Amino acid sequence: MAVNENQSQSIHLCKATFDKIPKEKRDRILNVAIKEFADNGFQNTSIQQIAKKAGISVGSVYKYFENKETMFSMVVHEGMSSLEELLMSLADSSDDIIVKAEKIIRELLKYSRKHPELIKLYCQLTTSDNSEFLNGISQRIEAVSASVYTVAISKAQETGDVRDDINPAFFAFLLDNIFMMLQFTTACDYYKERFFIYTGKQATESDDLIVEQTLKFLKAAFNFK
């Protein structure tokens with residue numbers, strides 16, 4: 001279930017108001033909100049604690065956001081929109097599927113290391129038993145990845161870069177799971193430790209090694225019958 005029409009309208013109206021305040025203040029509020037939601041979860045985070053840590057009044061928060069749900073939606077939208085745009089631009093390029101995959105992996109790793117709190121937040125959305133509201137947000141994010149990867153694989157089949165006996169949607173699901181786990185290993189303690197157990201310290205500290213080994217796995221999956 002995607003974010004419904006009423007939620008989308010609320011986000012749009014709040015964004016129009018929020019964008020009018022000074023950038024420094026806007027960034028401060030968003031950064032505090034991201035950290036609080038990532039550290040404590042949606043249910044255990046309050047508007048009051050975000051306002052206090054951002055150094056603004058609760059009343060000011062409600063001038064920018066209708067409620068906590070709208071604030072959370074805005075945080076996720078602002079945090080993930082640039083990554084979504086990047087994925088779509090890479091998928092639409094004329095590069096072959098492996099070149100696209102390498103660019104996506106490198107960008108995902110770079111983005112995840114730059115925005116660890118957002119990745120923690122995303123991890124919570126995708127690995128917890130959430131409310132209908134939170135599930136709606138996570139499914140909206142997943143829908144973008146599903147579309148981008150499915151289209152990219154289908155195009156690669158048309159050019160002969162990818163074997164023709166695979167289901168693009170199924171392989172997109174598997175591909176997204178690989179990419180998602182790589183993101184989580186950069187920011188989420190459980191996945192960091194799990195990655196270390198399997199691969200050792202050398203792999204956890206080398207993006208080049210991560211890219212190299214992942215691409216070898218994908219080449220075997222995409223190109224061999």
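Here a student and an author talk through a predicted model of a protein.

Reader: What makes up the fold of this protein, helices or strands?

Author: Helices do: the predicted model has twelve helices and zero strands. Reading along the sequence gives the pattern α-α-α-α-α-α-α-α-α-α-α-α.

Reader: How do you know that the protein is as compact as a globular protein of its length?

Author: Set two values side by side. The radius of gyration is 19 Å, and the globule rule gives 17 Å for 225 residues; the first is close to the second, so the protein counts as that compact. If you would like its extent as well, the C-alpha trace spans about 60 × 40 × 35 Å along the principal axes.

Reader: How much of the protein counts as buried?

Author: Of the 225 residues, 44% do. As for the accessible surface, it comes to about 12000 Å², and 53% of that belongs to carbon and sulfur atoms.

Reader: Which residues have the most contacts inside the largest nonpolar core?

Author: That core has 71 residues, and the ones with the most contacts inside it are Ile-29, Phe-37, Met-71, Phe-72, Tyr-149, Ile-153 and Phe-222.

Reader: Let's take Phe-72. Why is Phe-72 called buried?

Author: Buried means under 20% relative accessible area. Phe-72 has 2% relative accessibility, so Phe-72 counts as buried. You can find Phe-72 in helix α5, which covers residues 68-91.

Reader: What makes Phe-72 and Leu-134 count as being in contact?

Author: Contact means heavy atoms within 4.5 Å. Phe-72 touches Leu-134, and also Phe-37, Phe-42, Leu-121, Leu-125, Phe-133 and Ile-137, leaving out residues up to four places away in sequence. The C-alpha atoms of Phe-72 and Leu-134 are 9.1 Å apart, and the two residues are 62 apart in sequence. The cut-off applies to heavy atoms, whereas the 9.1 Å runs from C-alpha to C-alpha.

Reader: Now a lysine. Why is Lys-100 called buried?

Author: The same reasoning works here, with the cut-off at under 20%. Lys-100 has a relative accessible area of 5%, so it is buried. Lys-100 is in helix α6, residues 97-114. Beyond its neighbours within four places in sequence, Lys-100 is in contact with Leu-90, Ala-91, Ser-93, Asp-95 and Ala-152.

Reader: What is Glu-142 called, and why?

Author: Glu-142 is at 25% relative accessibility, so it counts as partly exposed. Buried would need a value under 20% and exposed a value over 50%, with partly exposed in between. Glu-142 lies in helix α8, residues 132-159. Setting aside residues up to four places away in sequence, Glu-142 touches Tyr-122, Thr-126, Asp-176 and Met-180. Of these, Asp-176 is 34 residues away from Glu-142 in sequence and 8.8 Å away in space, C-alpha to C-alpha.

Reader: And how do you know that Val-211 is buried?

Author: Its relative accessible area is 1%, so Val-211 is buried, given that the cut-off is under 20%. Val-211 is found in helix α12, residues 207-223. Apart from neighbours within four places in sequence, Val-211 is in contact with Glu-102, Ile-105, Arg-106 and Leu-109.

Reader: How many of the contacts join residues at least 24 apart in sequence?

Author: Among contacts between residues at least 6 apart in sequence, 70% do.

Reader: Last one: how far apart are the mean positions of the positive and negative charges?

Author: They are 6 Å apart, for 27 positive and 31 negative charges.

Technical notes: Residues are numbered from 1 along each chain as its sequence is written. This is a predicted model: local features need pLDDT of at least 70, side-chain atom pairs count only at pLDDT 80 or more; totals for chains, interfaces and linings use all residues. Side-chain values use heavy atoms; hydrogens and water are left out. Helices (H or I, at least four residues) and strands (E, at least two) are DSSP runs, numbered from the N terminus. The radius of gyration is taken over C-alpha atoms; the globule rule is 2.2 Å times the number of residues to the power 0.38. Buried means under 20% relative accessible area, exposed over 50%, partly exposed in between (1.4 Å probe, protein chains only). Accessible areas come from the Shrake-Rupley method with a 1.4 Å probe; for residues, only the protein chains shown count as cover. Lys and Arg count as positive and Asp and Glu as negative; His and the chain ends are not counted. The place of a charge is taken as NZ of Lys, CZ of Arg, CG of Asp or CD of Glu. A nonpolar core is a set of buried Ala, Val, Leu, Ile, Met, Phe, Trp, Tyr and Cys residues joined through side-chain atoms within 4.5 Å.
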